[in-house]
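Hi everyone, thanks for coming. Let me put the model up on the screen, and then we can walk through it together.

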Amino acid sequence: MSDTAAKPRPQFRNISIGQIAKYRLPLAGRLSILHRVSGALLFLCIPLVILPLLGASLASPESFASVAAVVGHPIVKLILLVLIWGYLHHFCAGIRYLMLDLHIGIDKESARKSAGVVFGVSLALTVVFGLKLFGVW
């Protein structure tokens with residue numbers, strides 16, 4: 001009869017919002033989240049920003065001049081810089097994930113190093129493209 005006594009159920013406590021803010025993800029975890037964010041950013045901005053700008057710039061010389069005037073505004077350049085970062089980060093992280101799918105660099109230390117390389121390369125390329133976008137050279 002003692003076997004039929006109810007056993008206490010295990011309690012699983014979810015973390016609260018305050019704990020989420022204090023939680024430190026490893027570099028590879030941050031890379032994964034930013035890969036998803038950059039993918040969503042690109043998915044939403046291609047039909048809403050990039051294709052309309054491309055279509056307007058290819059329609060006629062006058063529309064190209066108007067698009068060039070809009071893109072010359074500093075706030076639009078910042079928006080384009082964010083899109084450039086999103087593309088470069090998504091591209092570099094995607095190459096890293098393809099390498100992981102091939103079972104190259106899946107141990108903890110190699111994954112941490114490759115995440116750092118992805119951040120470094122994508123940010124360096126973003127700086128180069130940003131300097132070109134803002135007309136430094």
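H103 sits in the loop between α4 (74–101) and α5, where helices (H or I, at least four residues) and strands (E, at least two) are DSSP runs, numbered from the N terminus. H103 has a positive phi of about 65°, although it is not a glycine. Is H103 buried or exposed? H103 is exposed, at a relative accessible area of 61%. For these words, buried means under 20% relative accessible area, exposed means over 50%, and partly exposed is in between, with a 1.4 Å probe and protein chains only.

A quick word on what you are looking at. This is a predicted model, in which local features need pLDDT of at least 70 and side-chain atom pairs count only at pLDDT 80 or more, while totals for chains, interfaces and linings use all residues. Residues are numbered from 1 along each chain as its sequence is written, and side-chain values use heavy atoms, with hydrogens and water left out.

Now to α5 itself. How many salt bridges does a search of the whole structure find? The search finds one, a salt bridge being a side-chain nitrogen of Lys or Arg within 4 Å of a carboxyl oxygen of Asp or Glu. The partners are E109 and R112, whose closest N and O atoms are 2.4 Å apart. E109 and R112 are three residues apart in helix α5, so about one helical turn separates them. E109 is partly exposed at 37% relative accessible area, and R112 is partly exposed at 45%.

Staying with that helix, there is a nonpolar surface patch of about 970 Å², and its members include L78, V117, V121, V128, F134 and W137. Patches are made of residues with over 30% relative accessible area and no salt bridge; like charges are joined within 9 Å, and nonpolar side chains (Val, Leu, Ile, Met, Phe, Trp, Tyr) within 5 Å. The accessible areas come from the Shrake-Rupley method with a 1.4 Å probe, and for residues only the protein chains shown count as cover. Which helix gives the most to the patch? That is helix α5 (residues 108–133), with seven residues. Two of the patch members, V121 and V128, lie in α5. V121 counts as partly exposed because its relative accessibility is 37%, and V128 counts as partly exposed at 37% too.

Next, over to α4. L88 is in helix α4 and counts as buried, at 8% relative accessibility. What does L88 touch, leaving aside its neighbours within four places in sequence? L88 is in contact with S122, L125, T126 and F129, contact meaning heavy atoms within 4.5 Å. The C-alpha atoms of L88 and L123 are 8.2 Å apart, with their positions 35 residues apart along the chain. V82 is also placed in helix α4, but V82 counts as partly exposed, at 45% relative accessibility.

Last stop: α2 and α3. Helix α2 (residues 27–59) packs with helix α3 (residues 61–71) at an angle of about 135°, with the axes 5 Å apart. That makes α2 oblique to α3: angles under 35 degrees count as roughly parallel, over 145 as roughly antiparallel, 65 to 115 as roughly perpendicular and the rest as oblique. Axes here are lines fitted to C-alpha atoms, for helices over the stretch in contact, and angles run from 0 to 180 degrees between N-to-C directions. On the α2 side, L53, A56, S57 and A59 meet S63, F64 and V67 in α3.
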